[in-house]
Amino acid sequence: MVKRRIDGLYHLAHVHPQQVVALSRLFADALEKDFAYYGADYLRATKRQNTVSKLALGSVRPNRLLLGLWAKRTLVGYIIGSTRPGSDCGDIFWLYVEPAHRGRGLGADLLNEAFRWLQAKQLRAVELVTYDHAPFYERYGFVTERLAKGFIGGQDVCIMRRSLT
């Protein structure tokens, strides 16, 4: 189990089933405030795919990563990812830190912990999709594999990849 303190105020830990309500609330809030550019239809579908029960199930599956960033007892960020069956590549689906907690390297801490988790699963690479944060991910070794026109909610996105070896 990952549980790591960051500068005395924050810690990273796997999200347990009893904590997924907090994750679900933060996830829904992030979709509305920070991912609204994807459009209402896509956001509704994403909420349906990430219900409390589905997040709870994901929190106990060995191929899923639900890692929370906690400020004392309050969830203020997360990273959600997974392994791919039969592949040496994993995925990061969502990375989020509340605006009040940004600029402190916490997104990097979440990413680095995800890299460690994926490496422990013997994966050689990780992929993600981003609309407008490619420069952020490039700082952590991701390169754009391709641009996908209208891929998510009608938006053009970058599909990025990073080696884990």
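## A walk through the predicted chain

K72 sits in the loop that runs between β3 (64-71) and β4 (74-83), and in this predicted model the residue has a positive phi of about 55° although it is not a glycine. With a relative accessible area of 62%, K72 is exposed. Q122 can be read alongside K72, since Q122 is not a glycine and yet has a positive phi, here of about 65°. Q122 belongs to the loop between α4 and β6, and its relative accessible area of 64% places Q122 among the exposed residues.

The loop of Q122 also holds R124, which is found between α4 (106-120) and β6 (125-130). R124 has a relative accessible area of 49% and is therefore partly exposed, given that a residue counts as exposed over 50%. When neighbours within four places in sequence are left aside, R124 is in contact with D88, R162, S163, L164 and T165. A further pairing in space involves S87, which is 37 residues from R124 in sequence, while the two C-alpha atoms are 9.2 Å apart.

From these loops one can turn to the chain as a whole. The protein chain contains five helices and eight strands, and, read along the sequence, these elements follow the pattern β-β-α-α-α-β-β-β-α-β-α-β-β. The radius of gyration is 15 Å, close to the 15 Å that the globule rule gives for 165 residues, so the protein chain is as compact as a globular protein of that length. Measured out along its principal axes, the C-alpha trace spans about 40 × 40 × 30 Å. Of the contacts between residues at least 6 apart in sequence, 58% join residues that are at least 24 apart.

The division between interior and surface can be described for the chain and then for a single residue. Buried residues make up 46% of the 165 residues in the protein chain, and T46, in helix α2 (residues 40-49), is one that counts as buried, at 2% relative accessibility. Not counting residues up to four places away in sequence, T46 touches F27, L31 and W94. On the outside, the protein chain exposes about 8,700 Å², of which carbon and sulfur atoms supply 50%. As for charge, the protein chain has 24 positive and 15 negative side chains, and the centres of these two sets lie 6 Å apart.

The cysteines remain to be considered. A disulfide is a covalent bond between the sulfur atoms of two cysteines, and a search of the whole structure finds zero of them. Why do the sulfur of C89 and the closest cysteine sulfur, in C158, not form a bond? The sulfur of C89 is 16 Å from that of C158, which is too far for a bond, whereas a pair would have to lie within 2.5 Å to be counted as a disulfide. Taken from the other side, the closest cysteine sulfur to that of C158 is in C89, again at 16 Å and too far for a bond. Both residues fall under the 20% limit for burial: C89 is buried with a relative accessible area of 1%, and C158 counts as buried at 14% relative accessibility.

Technical notes
Residues numbered from 1 in each chain as written. Predicted model: local features only at pLDDT ≥ 70, side-chain atom pairs only at ≥ 80, totals over all residues. Heavy atoms only, no water. Buried < 20%, exposed > 50% of the residue type's maximum accessible area, 1.4 Å probe, protein only. Helix = DSSP H or I, 4+ residues; strand = E, 2+ residues; numbered from the N terminus. Contact = heavy atoms within 4.5 Å. Rg over C-alpha atoms; globule rule 2.2 N^0.38 Å. Areas by Shrake-Rupley, 256 points an atom, 1.4 Å probe, with all protein chains shown as cover. Lys, Arg positive; Asp, Glu negative; His and termini not counted. Charge placed at Lys NZ, Arg CZ, Asp CG, Glu CD.
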